[in-house]
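Here are some notes for your first reading of this model, set out as numbered points. Please keep the structure open beside you and look up each place as it is mentioned.

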Amino acid sequence: MGAELDNPYRLLPSVDEVLLDPGLAAVAAQLPRELLVTFVQEILGELRSALSRGELDGDGLARRLAAGELATRVIERAAREGRAGIVRAVNATGVVLHTGLGRAPAHPEVAAAMAEVARSYCVLEVDRESAERNQRDDRLSTLLERLTGAEAALAVNNNAGAVLLTLATFARGRETLLSRGELVEIGGSFRMPDVMESAGTRLVEVGTTNRTRIEDYRRALSADTGLLLKVHRSNFRVEGFVEEVSVGELAELGRSARIPSVYDLGSGLFDPPGHVALAGLLPGEPDLLSALASGVDAITFSGDKLLGGPQAGLVAGRRAAIGALRKNPVYRALRLDKVSLAGLERTCELILAGRGDELPARRMLCADPAELAARAQSLAAALERLPDLTVQCAPGASQPGSGSAPGIELATTVVEVRSSSRTTEALTSALRRCDPPVFVRVQRDTVLLDPRTLLDGDEEYVVRAFGAVLGQ
Ligand SMILES: *Cc1c(COP(=O)(O)O)cnc(C)c1O
């Protein structure tokens, strides 16, 4: 023992010795041995570096080993492995288009169509009438044209891809004019100047941060101008002494100078006839149909923001512009897979059938405040029955999310939950470790649950998750 305390590293067992611990029999039956070996090596490595940094000495290590720490940590590590990756989650944050939680959840009929084509062959690039090869987004383009009245449309993987495609098509090796007030970062490293650089176009900044006029664009025109771009400032607002160029003015300048104009709309606010108007709930958010009516050559927007479909970048606009995008090899590199395409088609069909308000994201955004209050009250009543919890309803604010309508909050009723035995941090992290995990909002050291973003059946599950967490 003396020699081992002189050299505490010798106290560490070998990987094989650790794996012989009977406490690990259950995880050993579930996970491949190589994976367990990796976990044990990592854990032993962590202990070794704690020794070398002087954070742990021989006595301390001996105590921890005697307490069975190695097996406990392997079990913890195996449990973490089981929680890794993409699984269903419950969103009680009230952020409807939560990028971290996958933005718009699919309508059940949309999800079913996606699952069906995922597990089978499907008619993807072949015309059933003629058996000839066609484009995989032919049908989706037709549906988007019917929905928006645009001359033509196409779909790529996401809106960042759609912007990249328009820049690379119209302005590669040339200049793109963009207002200084619209040089935005959308998040996830999507910064306009960087996107331009990677598309091979030179950015020409026009106007100032707070004021840009059409004259600024006109003065910046040159023989090298390839594109006039407008980007919706999705995630922030500029207030005060502000002036921006309307998309109509930009489109008109483009037409007279024979230069394409593109509007990156982002969220794609779209109010089809016969549907509840989102525009009334999200003041200031530009809408797709007015943007198209302005005469701009192309508009880019996301499929999984306000449209409420799967992830995609959609482009609608003039036939010649969309045709040029389609011919670019970059389009092929950004193409959508069959599952997303099937989901987008079904989403558009639902809207065309007058059923768009059934799409979960739309339904959540339009939820009636009185109904939200009633749901909050019944959730609070169920949570109140659990031990340790102090529960109350309070007026709150939900967010559209994904940079849609920055600064706009939707009135809701939240359930405020405090525990007498757990810290807020302990409560939220335990909820995230439930299966499925529950994500909540925290404000002033209180857990807030917003019923707006709960799907059918989620309320009962949230109550069970709290019960399980408190019983631990
Ligand atoms: C969200 C957004 C993007 C990025 O769209 P993704 O679909 O996330 O790739 C680009 N531009 C604007 C204005 C946006 O709001």
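1. Which strands does helix α18 lie across, and at about what angle does this helix run to β10? In this predicted model, α18, made of residues 369–384, lies across β9, β10 and β13, and its direction is at about 10 degrees to that of β10.

2. The strands just named belong to an open sheet of 4 strands, whose order is β9-β10-β13-β12 and whose pairing is antiparallel. Because β9 (389–398) and β12 (441–443) stand at the edges with a single partner strand each, one side of each is left without a neighbour in the sheet. From one strand to the next, the twist averages 35 degrees. As background, the strands of a sheet pair through backbone hydrogen bonds, in either a parallel or an antiparallel way.

3. Within this sheet, β10 (residues 410–419) and β13 (residues 446–449) run antiparallel and are joined by 3 bridges. A useful place to look is V417, which stands opposite V447 in β13.

4. A second helix, α19 (residues 424–432), lies across β10, β12 and β13, and runs at about 40 degrees to β13. In the loop that leads from α19 to β11 (438–439) you will find P436, which is joined to D435 by a cis peptide bond with omega at about 0 degrees.

5. Two residues deserve a check of their backbone angles, given that most residues other than glycine have a negative phi, and most peptide bonds are trans. A131, in the loop between α7 (108–118) and α8 (138–148), has a positive phi near 65 degrees, and A131 counts as exposed because its relative accessibility is 60%, where the cut-off is over 50%. D445, in the loop between β12 and β13, has a positive phi of about 60 degrees although it is not a glycine, and D445 is also exposed, with a relative accessible area of 58%.

6. How many cavities of 30 Å³ or more are counted? The count comes to 2, and the largest cavity has a volume of about 40 Å³. Among the residues that line the largest cavity are S179, E182, N210, R211 and R233, and by class this lining has no nonpolar, 6 polar and 5 charged residues.

7. The second largest cavity has a volume of about 30 Å³, and its lining residues include R136, D137, Y331 and L341. By class, the lining of the second largest cavity divides into 4 nonpolar, no polar and 3 charged residues.

Technical notes
Residues numbered from 1 in each chain as written. Predicted model: local features only at pLDDT ≥ 70, side-chain atom pairs only at ≥ 80, totals over all residues. Heavy atoms only, no water. Pairing = 2+ DSSP bridges. Helix = DSSP H or I, 4+ residues; strand = E, 2+ residues; numbered from the N terminus. Axes fitted to C-alpha atoms, helices over the stretch in contact; angles between N-to-C directions. Contact = heavy atoms within 4.5 Å. 1 Å grid on protein atoms, 1.4 Å probe; cavity = no way out; pocket = protein on both sides within 12 Å on 5 of 7 lines; lining within 4 Å. Points joined across faces, edges and corners; volume = space filled by probe spheres on them. Nonpolar A, V, L, I, M, F, W, Y, C, P; charged D, E, K, R; others polar. Buried < 20%, exposed > 50% of the residue type's maximum accessible area, 1.4 Å probe, protein only.
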